[in-house]
Each structure stands twice: as structure tokens, then as C-alpha cells.
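Good morning, everyone, and thank you for making room for me in today's meeting. Please take a moment to look at the structure on the screen before I begin to talk through it.

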Amino acid sequence: MIYRVEIDVEGTYRNDIEADTPEEAIKEAKKRASQDFWCTNRTTFSGAKFWDITDEDGNDVEHSFEERH
């Protein structure tokens, strides 16, 4: 017997993004996360939530990015 099972899997995508502003970096990271996620043939991307942004030295970066609901 074959069972079709759906499991919601959460993960964290980390990448170094070169951009002019933190907001552009966040948007680009979300885009890349979606593209990377779609590379697998058994998954459906259901969205991404912004978590954190730092500079290359690990310092927190101020930004005006707001998550849309």
C-alpha cells in the first residue's frame, strides 16, 4: 500500500548577500531561499519569514524591513 504523507518541515536559510541596503539583502535572501527550496522535486515552498541580519563581522544591522502578513 502506498501512503501520501505531507510533513511541514521548518529550516533556516543562511547566506552571504551583497546588496546596497539591508532591506535589499533580506529580499534577495528570501528569493534565493525559495529558489534553493524548489530545487528539490518533492517539496512545495510555502513562504519564508525574516529572522535576523548581521554584517560580515557578526554585528547586528539596523533595518526598516517589515514582514508582510
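I will go through one helix, its charged pair, and then the surface around it.

Let me say at the start that what you see is a predicted model, and that the values I quote were computed from it.

I would like to begin with helix 1, which runs over residues 22-38. How far apart should the ends of helix 1 be, and how far apart are they in the model? At 1.5 Å a residue, the 17 residues of helix 1 should span 24 Å, and because its end C-alpha atoms are indeed 24 Å apart, the expected and the modelled spans agree. As for which of its residues are covered, the buried residues of helix 1 are E23, A25, I26, A33 and S34.

Staying on helix 1, we come to a charged pair. Side chains of opposite charge can pair when their charged atoms come close. A search of the whole structure finds 1 salt bridge, and E28 forms it with R32, with the closest N and O atoms 3.0 Å apart. These two residues both lie in helix 1, 4 residues apart, which is about one turn of the helix. An α-helix has 3.6 residues a turn, so residues three or four places apart point the same way. Are the two partners buried, partly exposed or exposed? E28 counts as partly exposed because its relative accessibility is 25%, and R32, at 27%, counts as partly exposed too, since partly exposed covers the range between 20% and 50%.

Now let us turn to the surface, where charge gathers in one place. D16, D52, D55, E56, D57 and D60 form a patch of negative charge there. One of its members, D16, is in the segment before helix 1 and is exposed, with a relative accessible area of 71%. If we then look at T54, in the segment after helix 1, we find that the C-alpha atoms of T54 and D16 are separated by 9.7 Å, although the two residues are 38 residues apart along the chain. T54 itself counts as partly exposed, at 37% relative accessibility.

A similar comparison can be made for E62, which also lies in the segment after helix 1. E62 and E23 are 39 residues apart along the chain, yet their C-alpha atoms are separated by 9.6 Å. E62 counts as exposed, at 76% relative accessibility, whereas E23 is among the buried residues of helix 1.

Finally, the surface also has a nonpolar patch of about 460 Å², made by M1, Y3 and V5. Of these, M1 is placed in the segment before helix 1 and is exposed, with a relative accessible area of 84%.

Terms used: Residues are numbered from 1 along each chain as its sequence is written. This is a predicted model: local features need pLDDT of at least 70, side-chain atom pairs count only at pLDDT 80 or more; totals for chains, interfaces and linings use all residues. Side-chain values use heavy atoms; hydrogens and water are left out. Patches are made of residues with over 30% relative accessible area and no salt bridge: like charges are joined within 9 Å, nonpolar side chains (Val, Leu, Ile, Met, Phe, Trp, Tyr) within 5 Å. Accessible areas come from the Shrake-Rupley method with a 1.4 Å probe; for residues, only the protein chains shown count as cover. A salt bridge is a side-chain nitrogen of Lys or Arg within 4 Å of a carboxyl oxygen of Asp or Glu. Lys and Arg count as positive and Asp and Glu as negative; His and the chain ends are not counted. The place of a charge is taken as NZ of Lys, CZ of Arg, CG of Asp or CD of Glu. Buried means under 20% relative accessible area, exposed over 50%, partly exposed in between (1.4 Å probe, protein chains only). The expected span of a helix is 1.5 Å times one less than its number of residues.
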